[in-house]
Amino acid sequence: MAIRLIDPVVKDYLFHDAPLRSPLNKGILAVLGAGLVVLAFFGWGVLTARNNLFEILLWVPYSILGSILAYLVIAFLDRERRVRVFHFVTILSVLLVTGPVAAFLNENSPLKLWTVGFFEEGLKILPVLLLAIYLPNLIRTRKDGLVYGALAGMGFNIIEIGSYVAIALHDHPVLDALYMHSTRLGVWGFGSHIIWSAFVGLGIGYAAESTAHGWRKWKHAILFFLLAAIGHSLYDLGGSA
């Protein structure tokens, strides 16, 4: 369905020599996707343990509204290419699937505040990594990696704000709950999740530009991920302390 929304010329370019054309790679991606969906089911169970699904989704439009300016800025950076459908694929895949998977892993981690950055930064950036691997003509440069990393962070930010506002409403009036968690939108929607994911996406962009192989190709992506994950965990540890 999504492919039909792409200009045929752009579609041919994106899928030219792409690993996604291989039946084997399609199968691997399908198995991985199915595994993530199963984990996401349990993740949504975690998210709805204190709120019903309606309570969370009720506040998702508020989160989206607060993210519009950020999205317009990010989309402007990618304005020369007619691939906006993949913007929404990235946002929704994190919002609906990998974000809840991170919630499930966080809930079951014996060292939640120490592992939170690794789980959340890893699951946020996973759709971007898969796009970079399976559709290399989509993410070719550092700017592409940064753009898609930011979009992934936006998807996570949207569902996190919706769930946190819903939880806060159990003990606080509406305005107080919004005051506490609207700060997660940052400036014009650029919250910390977007910034961290954009940084890791930049590392994937370095890998996309590189003609090297193995460690030399992926060293920036791995290093940037570790910096973001450790920084995220330390941020949460500091906030808790």
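What share of the contacts with a separation of 6 or more comes from residues 24 or more positions apart? Keep that in mind, everyone, while we look at this one together. A quick reminder before I go on: this is a predicted model.

The answer is 78%. Now for the fold. There are nine helices and zero strands here, so the radius of gyration is the next thing to look at: at 18 Å, it sits close to the 18 Å that the globule rule gives for 241 residues, so the protein is as compact as a globular protein of that length. Along the principal axes, the C-alpha trace spans about 55 × 35 × 35 Å.

What about the inside and the outside? Of the 241 residues, 44% are buried. The accessible surface comes to about 12,600 Å², and carbon and sulfur atoms hold 71% of that.

Now, my favourite part, the largest pocket. Its space is about 800 Å³, and 29 residues line it. If you want to find the centre on your screens, look for Asn106, Glu120, Glu160, Tyr164 and Arg184, which lie nearest to it.

Which helix gives the most to that lining? That would be H6, with seven residues. H6 runs from 142 to 168, and it has company: H2 (23–47), H4 (84–108), H5 (112–134), H8 (192–209) and H9 (215–240) also supply at least two residues each.

As for chemistry, the lining is a mix, with 14 nonpolar, eight polar and seven charged residues.

That's my tour, friends. Thanks for listening!

Methods. Residues numbered from 1 in each chain as written. Predicted model: local features only at pLDDT ≥ 70, side-chain atom pairs only at ≥ 80, totals over all residues. Heavy atoms only, no water. 1 Å grid on protein atoms, 1.4 Å probe; cavity = no way out; pocket = protein on both sides within 12 Å on 5 of 7 lines; lining within 4 Å. Points joined across faces, edges and corners; volume = space filled by probe spheres on them. Helix = DSSP H or I, 4+ residues; strand = E, 2+ residues; numbered from the N terminus. Nonpolar A, V, L, I, M, F, W, Y, C, P; charged D, E, K, R; others polar. Rg over C-alpha atoms; globule rule 2.2 N^0.38 Å. Buried < 20%, exposed > 50% of the residue type's maximum accessible area, 1.4 Å probe, protein only. Contact = heavy atoms within 4.5 Å. Areas by Shrake-Rupley, 256 points an atom, 1.4 Å probe, with all protein chains shown as cover.
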